[in-house]
Amino acid sequence: MKKVLVLGAFGYFCNQLDGQTIKTRNVYNLLHERYDGKVWRADTLKLKKNPLLLLDLLWKLIKCNTLIIIPCLNNLTYIFPVVYYLSKIFGYKIIHVCVGGWQVEYFKGDERFAPHPLQLNLSKKIKAFMPEMKKVDNDLKLEFGFNNTEVLTNFRKIDISIVNRNNTRTLKLVFLSRINKKKGYPTVFNFAQYVRENGLDITITFYGMVESDDKEDFMFCVSQFPDIVTYGGLLPQEVISRTLVNYDLMLFPTTYYTEGLPGTIIDAYIANLPVIATEWKHAREFIKDGVTGFIVRFDNCQKEFDARIMELYNDRRKLSVMKCNAKKEALRFTETNGWQVLSKYL
């Protein structure tokens, strides 16, 4: 019987909930439910805490037929070459599932990354290298000569019976993401100030893990708008959809230019929420401007960001149409689509 090992950041032991851990769990759960062989997992976050688990990882690598690695930056740099060379000894094949949209910049080097020729060379030799976006897939082929790539977008379990529930006059905005300045929360608080100054019937709720470096600042900002802003803490994956249906609009003013396909975009669509987002590198691949949301300029976006929210505040019929469009768009990101891609390489 074939055995599959999923190696990535699961984060169950520390309750880490972010785009990387959710994607890693979703890939594992998909295989666990549908693959008729045995599926194991190894948590890279646990390995950092307890190096003795390397022995367990080595045993699983010896026994598995396929390794699915879902690496962050450090794991691609340090762990991937090790498991690649071990695959030549133990004979398992490797599928690399990407998180984020930074792989091209990582391989060739830019102002943030040094070039990584070893990782590039090894990535072209594995069974499959799976970026989240078509543009990254095309760039890998054109710039580096990859011939083992296939796009695997983020995916979710989708309940098509979910219906958005907010029918009140209050426009309810939501931010669901890892919470730090680079994810754009200052832009949201600037809009909260606009709401206060103009006496608007708008509320804003934040959900997500607050990063330690920004926790004091973020909580202070929340405290300045007690009548407008609420922090709702972490949302487990299983309750996200039935929570988001109580809102009208997802806010995603990220300043990470190489975002991939943020899971929060899919979560918004499942709950019938359009998205207002800055134009990160891959935004137009996942948001249809004026249809499933609005895309505002990446830099100095505040005025445009505020104006787009106000457009929907003043035109609820347009908001209703965009909610319907978001619901249809969610069907691009089903587990079935994910399985169709992954199962070809097992």
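**Exercise 1. Find how much space the largest pocket holds and what lines it.**

Step 1. The largest pocket holds about 1,200 Å³ of space. Here a pocket is an open set of points on a 1 Å grid over the protein atoms alone, where a 1.4 Å probe fits, with protein on both sides within 12 Å along at least five of seven lines. A volume is the space filled by probe spheres set on the points, which are joined across faces, edges and corners.

Step 2. Keep in mind that this is a predicted model, in which local features need pLDDT of at least 70 and side-chain atom pairs count only at pLDDT 80 or more, while totals for chains, interfaces and linings use all residues. Residues are numbered from 1 along each chain as its sequence is written, and side-chain values use heavy atoms, with hydrogens and water left out.

Step 3. Now the lining, meaning residues with an atom within 4 Å of a point. The largest pocket has 47 such residues, and Gln-20, Val-99, Arg-178, Lys-183 and Glu-259 lie nearest its centre.

Step 4. Sort the lining of the largest pocket by class: 21 residues are nonpolar, 14 polar and twelve charged. Nonpolar covers Ala, Val, Leu, Ile, Met, Phe, Trp, Tyr, Cys and Pro, charged covers Asp, Glu, Lys and Arg, and the others, Gly among them, are polar.

Step 5. Helices (DSSP runs of H or I, at least four residues, numbered from the N terminus) come next. H1 (19–34), H2 (44–49), H4 (73–90) and H11 (263–270) each give at least two residues to this lining, with the largest share, four residues, coming from H1.

**Exercise 2. Describe the second largest pocket in the same way.**

Step 1. Its space is about 480 Å³.

Step 2. The second largest pocket is lined by 24 residues, and Asn-26, Asn-29, Lys-157, Gln-237 and Glu-238 lie nearest its centre.

Step 3. Ten of the lining residues are nonpolar, five polar and nine charged.

**Exercise 3. Work out how H1 sits against H15.**

Step 1. The axes of H1 and H15 (residues 335–342) come within 11 Å and cross at roughly 80°. Axes are lines fitted to C-alpha atoms, for helices over the stretch in contact, and angles run from 0 to 180 degrees between N-to-C directions.

Step 2. H1 is therefore roughly perpendicular to H15, a label for angles of 65 to 115 degrees.

Step 3. In contact (heavy atoms within 4.5 Å) are Val-27, Leu-30, Leu-31, Glu-33 and Arg-34 of H1 with Glu-335, Thr-336, Gly-338, Trp-339 and Leu-342 of H15.

Terms used: Parallel < 35°, antiparallel > 145°, perpendicular 65-115°, else oblique.
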